[in-house]
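Student: I want to test the labels on this model against their cut-offs. Can we take them one by one?

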Amino acid sequence: MNWFERLCRNTGLMVHHVVQPIRQPVKHEVGRTTQEQHATPNVTLRRTTIDEIEIRSTTPNT
């Protein structure tokens with residue numbers, strides 16, 4: 001009967017997440033810089049820096 005208990009639990013979790021979905025933090029990209037350097041004719045070194053702002057929900061996720 002272990003399979004039946006897992007089925008009931010997973011079905012309950014699925015219904016819970018449909019009714020009250022998991023809220024992901026919102027990320028906004030505010031800046032992106034790329035530095036590129038040619039080490040040899042066949043090798044290019046590239047560094048990309050991404051600046052982001054993350055906004056989290058203040059309401060508890062219960």
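Tutor: Yes. Keep in mind that the model is predicted. A search of the whole structure gives 2 salt bridges.

Student: What makes Arg-32 and Glu-29 a salt bridge?

Tutor: Their closest N and O atoms are 3.0 Å apart. The cut-off is within 4 Å, between a side-chain nitrogen of Lys or Arg and a carboxyl oxygen of Asp or Glu. The pair of Arg-32 and Glu-29 therefore qualifies.

Student: Why is Glu-29 called partly exposed?

Tutor: Its relative accessible area is 44%. Buried means under 20% and exposed means over 50%. Glu-29 lies in between, so the label is partly exposed.

Student: Which residue forms a salt bridge with Arg-46?

Tutor: Glu-36 does, with the closest N and O atoms 3.0 Å apart. This pair links distant parts of the chain: Arg-46 is in strand S2 (residues 43–55) and Glu-36 in strand S1 (residues 26–40), 10 residues apart.

Student: Why does Arg-46 count as exposed?

Tutor: Arg-46 has 55% relative accessibility. Exposed means over 50%, so Arg-46 passes. Glu-36 is at 46%, so it counts as partly exposed.

Student: Which residues make the nonpolar surface patch?

Tutor: Met-14, Val-15, Val-18 and Val-19 make it, with an area of about 430 Å².

Student: What makes Val-15 accessible enough for a patch?

Tutor: Val-15 lies in helix H1 (residues 2–19). Its relative accessible area is 45%. Patch residues need over 30%, so Val-15 meets that cut-off. Val-15 is still called partly exposed because exposed means over 50%.

Technical notes
Residues are numbered from 1 along each chain as its sequence is written. This is a predicted model: local features need pLDDT of at least 70, side-chain atom pairs count only at pLDDT 80 or more; totals for chains, interfaces and linings use all residues. Side-chain values use heavy atoms; hydrogens and water are left out. Patches are made of residues with over 30% relative accessible area and no salt bridge: like charges are joined within 9 Å, nonpolar side chains (Val, Leu, Ile, Met, Phe, Trp, Tyr) within 5 Å. Accessible areas come from the Shrake-Rupley method with a 1.4 Å probe; for residues, only the protein chains shown count as cover. Helices (H or I, at least four residues) and strands (E, at least two) are DSSP runs, numbered from the N terminus. Buried means under 20% relative accessible area, exposed over 50%, partly exposed in between (1.4 Å probe, protein chains only).
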